[in-house]
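Biologist: I would like to learn how the words in a structure description are earned. Please take me through them one at a time.

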Amino acid sequence: FGRSPETIRYTLKSFDREHPEIALFPDASSPLSHEQRRELYREFRNGIAVDALAEQWRRTKASVYRIVTEVRAEMLLEQPIDFMDCDEFHEPGAADVILQPPPSVERRGASVKPPPGLPPYLASLYAIPLLTKEEEVYYFRKMNFLKCQAAELRTRIDPVRPRAKDMDRVEALLDQATEVKNFLIRSNLRLVVSIAKRHMRPTTSFFE
């Protein structure tokens, strides 16, 4: 008929809507709502097979993959990426300098023994050495640089036609930044324990 596929699809849908008693595709589903699309995405992330999702939501496998990709892009674009920017991050070759191995530090002396009475998971913190000033600067700068890279790359994601390759890279950068953040936290929890013990009172528990 010399018409585009979208024109044919629209014509068929209009016919079925106006003549439900002789509809050509009586089992066709209406578009999924925003909440339904998010629910389909959550089920996919929880490991439900695409075949099962296609049957459950009355969609083709291609439609399921498309919805999963679009919702993934939507959620990634909505996610806040907070970081402290720096002119150094935007200089040529910044990644080679900032992402190089951490500074080597010579640590002397025996390991610190944990205070008595700590549960094992808190006592294990004392096996992690405290960071030097140089190390803290290195890891803090690295964490912010990774977030900066993720934020810049995210601007290239097309919400209409998102590419899995771009989203994979953004998520990988954010995961790396989270790993650095958690390492910084673990390395300083000993200080939190020490301060908490200093404020212990007979009427309060250590965990409070």
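Modeller: Start with helices and strands: they are DSSP runs, numbered from the N terminus, with H or I over at least four residues for a helix and E over at least two for a strand. By that definition the protein reads α-α-α-α-α-α-α-α along its sequence. The tally is eight helices and zero strands.

Biologist: What makes the protein more spread out than a compact globule?

Modeller: Its radius of gyration is 27 Å, well over the 17 Å that the globule rule gives for 208 residues, so the protein is more spread out than a compact globule. The radius is taken over C-alpha atoms, and the rule is 2.2 Å times the number of residues to the power 0.38. Along the principal axes, the C-alpha trace spans about 85 × 50 × 25 Å.

Biologist: What kind of model is this?

Modeller: It is a predicted model: local features need pLDDT of at least 70, side-chain atom pairs count only at pLDDT 80 or more, and totals for chains, interfaces and linings use all residues. Residues are numbered from 1 along each chain as its sequence is written, and side-chain values use heavy atoms, with hydrogens and water left out.

Biologist: Why is Leu-125 called buried?

Modeller: Buried means under 20% relative accessible area, exposed means over 50%, and partly exposed lies in between (1.4 Å probe, protein chains only). Leu-125 has 8%, so Leu-125 is buried. Across the protein, 28% of the 208 residues count as buried.

Biologist: Where is Leu-125, and which residues does Leu-125 contact?

Modeller: Leu-125 sits in the loop between α6 (120-123) and α7 (133-154). Contact means heavy atoms within 4.5 Å. Leaving aside neighbours within four places in sequence, Leu-125 is in contact with Arg-186, Leu-189, Arg-190 and Val-193. Val-193 is 68 residues away along the chain, yet the two C-alpha atoms are separated by 9.2 Å.

Biologist: Why does Phe-140 count as partly exposed?

Modeller: Its relative accessible area is 40%, so Phe-140 is partly exposed. Phe-140 belongs to helix α7. Beyond neighbours within four places in sequence, Phe-140 is in contact with Met-84 and Leu-184. Ile-22 is another matter: its C-alpha atom is 66 Å from that of Phe-140.

Biologist: And what makes Pro-80 exposed?

Modeller: Pro-80 has 62% relative accessibility, so Pro-80 counts as exposed. Pro-80 lies in the loop between α4 and α5 (94-98). Glu-55 is 25 residues from Pro-80 along the chain, and their C-alpha atoms are separated by 34 Å.

Biologist: How do you know that the count of disulfides is zero?

Modeller: A disulfide is a pair of cysteine sulfur atoms within 2.5 Å. The sulfur of Cys-86 is 9.1 Å from the closest cysteine sulfur, in Cys-148, so the two are too far apart for a bond. The count by this rule is zero.

Biologist: Are those cysteines buried or partly exposed?

Modeller: Cys-148 has 2% relative accessibility, so Cys-148 counts as buried. Cys-86 has 30%, so Cys-86 is partly exposed.

Biologist: What stands out about the phi of Arg-58?

Modeller: Phi of Arg-58 is near 55°, a positive value in a residue other than glycine. Most residues other than glycine have a negative phi. Arg-58 is in the loop between α3 (50-57) and α4 (61-78). Its relative accessibility is 48%, so Arg-58 counts as partly exposed.
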